[in-house]
Amino acid sequence: MTTLTINDLHVSYGGVKALRGVSLRVEEGEMVALIGSNGAGKSTLLNALSNVVKRKSGEVIFEGTDTRGMSPYAVSRSGLLHVPEGRQVLSDMSVYENLQVGLIARGKRKTIYSLDHVYELFPVLEERRDQISGTLSGGQQQMLAIGRALMGGPHLLLLDEPSLGLSPLITDQVFDALKKLNAEGLTVLLVEQNAHRALEATSRAYVLDRGQISFEGASSELAGNKAVIDSYLGA
Ligand code: ATP
C-alpha cells in the first residue's frame with residue numbers, strides 16, 4: 001500500500017517559490033531519503049506535509065485522504081508525525097513529561113509504540129526520565145524528539161535533519177535506532193544534508209534541487225553516482 005503520495009506540490013513564501021511541482025511517494029514500510037543542499041526546500045516539504053505551511057497547489061494524499069485544509073493537529077492525530085529540525089523539545093519539562101505530551105497525537109489509535117518500547121530503543125531516556133529536557137545533550141534531545149513522536153503512534157514519521165549538530169558516534173546511535181524502527185515496520189521519510197548516512201540507511205531516495213526533484217531512484221544507485229552527489233550535494 002502507498003502511505004504517502006505527493007502530486008505536483010507548489011509552496012511559496014510571498015514571491016519566493018520554495019517548491020515548484022514536487023511529486024513523490026512513500027510505500028508502507030519504506031524508509032525513503034530526501035536529500036538536497038541548503039535552501040533546496042526540504043524543510044518546506046515536510047512542513048507542507050504536516051500543514052504547518054500552506055500549500056499553493058497540489059495533492060498530499062496520506063493513507064488515501066488528501067490532507068488539504070486539515071489543521072497540523074488533525075494531521076498528527078491521523079498518524080503523520082513530524083520531528084522538526086532543531087528537535088524542539090519542551091525544554092522546561094522533564095523527559096517523561098515530554099513523552100506523555102506525545103500521547104496527545106495518538107488519541108484512541110492502537111500502536112506498538114509504548115513507553116517501554118521507547119525506553120528500550122533509547123535507554124538513556126529512561127535513565128534520565130526526571131531530568132529537565134533543556135539540560136539534555138543535543139543527541140539526547142534528538143532521541144527524546146523521536147521518542148515523543150513515537151508515543152503519538154506514527155503511521156508515517158517525518159524526520160528533519162536528525163544528525164544536525166550531533167557527533168558521528170551519536171549520529172550512529174540515532175541512525176541505528178531509525179533502522180531498527182524501520183525493520184519493525186515503521187514508514188519513514190528522512191530529510192538529511194548528510195547524504196552518505198541517509199543513503200546508507202534507506203532503500204530509495206529523492207534529490208531536491210531548488211524546489212524541484214532532480215533525481216529519484218535506489219539509494220544504492222544514487223550513492224554510487226558521483227556526478228549527482230557532487231553537483232547537488234557538494235559532498
Ligand atoms: P536547510 O537545509 O538549510 O534547512 P531546506 O532545504 O530545508 O534548507 P527550506 O528551509 O525549505 O530549505 O527553504 C527553501 C527556500 O524557502 C529557501 O529559499 C528559503 O530561504 C525560503 N524560505 C524558507 N522559509 C521561509 C519563510 N518562512 N519565509 C520566506 N522564505 C522562506
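**Entry 1. Charges and the chain overall**

I began with the charges of the protein chain and counted 23 positive and 26 negative side chains. The centres of these two sets lie 6 Å apart. I note here that the model is a predicted one.

I then looked up the secondary structure, which comes to 10 helices and 10 strands. The radius of gyration is 17 Å, close to the 18 Å that the globule rule gives for 235 residues, so I record the chain as being as compact as a globular protein of that length. Along the principal axes, the C-alpha trace spans about 45 × 40 × 35 Å.

For the surface, I found an accessible area of about 10300 Å², and 50% of this belongs to carbon and sulfur atoms. Of the 235 residues, 51% count as buried. I also looked at contacts with a separation of 6 or more: residues 24 or more positions apart account for 69% of them.

**Entry 2. Helix 1 and the residue after it**

I turned to helix 1, residues 42-49, and found it mostly covered, with 6 of its 8 residues buried. I list the buried residues as K42, T44, L45, L46, A48 and L49. A lysine thus appears in the buried set, as K42. Just after this helix, N51 takes a positive phi of about 60°.

**Entry 3. A18 and L34, two strand residues**

Two of the helix 1 residues led me to L34, and another to A18. L34 is in contact with K42 and L45, and A18 touches T44.

I placed A18 in strand 2, residues 16-27. Its relative accessible area is 11%, under the 20% cut-off, and A18 is therefore buried. Leaving out residues up to four places away in sequence, A18 also touches V11, S12, Y13, A40, G41 and G211. I checked the distance from A18 to R210 as well: the two are 192 residues apart along the chain, yet their C-alpha atoms are separated by 7.2 Å.

L34 is in strand 3, residues 31-35. I read 0% relative accessibility for L34, which counts as buried. Beyond its neighbours within four places in sequence, the contacts of L34 include L24, L189, L190, V191, E192, Y206, L208 and I213. From L34 to T2 I noted 32 residues in sequence and 17 Å in space, C-alpha to C-alpha.

**Entry 4. Helix 3 and Q100**

Which residues of helix 3 are buried? In this helix, residues 95-102, I found V95, N98, L99 and G102. Viewed down the helix axis, these buried residues fall within an arc of 100°, so they line one face of the helix. I set beside this the general point that an α-helix has 3.6 residues a turn, so residues three or four places apart point the same way. I then asked what covers the buried residues, and the cover includes helix 4 (115-121), helix 5 (123-127) and helix 6 (138-151).

Q100 is found in helix 3 too, but Q100 is not in the buried list. At 28% relative accessibility, Q100 counts as partly exposed. Apart from residues up to four places away in sequence, Q100 touches L115 and M151. L115 falls in the range of helix 4, and M151 in that of helix 6. I also noted L208, which is 108 residues from Q100 in sequence and 35 Å away in space, C-alpha to C-alpha. L208 is one of the contacts of L34 recorded above.

**Entry 5. Positive phi at D8 and E161**

I looked up two further residues with a positive phi. For D8, phi is near 50°, a positive value in a residue other than glycine. D8 has its place in strand 1, residues 2-13. With 43% relative accessibility, D8 counts as partly exposed.

For E161, phi is likewise near 50° and positive in a residue other than glycine. Is E161 buried or exposed? I read 5% relative accessibility, and E161 counts as buried. E161 lies in the loop between strand 7 (156-160) and helix 7 (168-183).

**Entry 6. K180 in helix 7**

The helix that follows this loop brought me to K180, which is found in helix 7. Its relative accessible area is 48%, and K180 is partly exposed. My last look-up was the pair K180 and E221: they are 41 residues apart in sequence and 23 Å apart in space, C-alpha to C-alpha.

Key:
Residues are numbered from 1 along each chain as its sequence is written. This is a predicted model: local features need pLDDT of at least 70, side-chain atom pairs count only at pLDDT 80 or more; totals for chains, interfaces and linings use all residues. Side-chain values use heavy atoms; hydrogens and water are left out. Helices (H or I, at least four residues) and strands (E, at least two) are DSSP runs, numbered from the N terminus. The radius of gyration is taken over C-alpha atoms; the globule rule is 2.2 Å times the number of residues to the power 0.38. Buried means under 20% relative accessible area, exposed over 50%, partly exposed in between (1.4 Å probe, protein chains only). Contact means heavy atoms within 4.5 Å. Accessible areas come from the Shrake-Rupley method with a 1.4 Å probe; for residues, only the protein chains shown count as cover. Lys and Arg count as positive and Asp and Glu as negative; His and the chain ends are not counted. The place of a charge is taken as NZ of Lys, CZ of Arg, CG of Asp or CD of Glu. The arc is that of the directions from the helix axis to the C-beta atoms.
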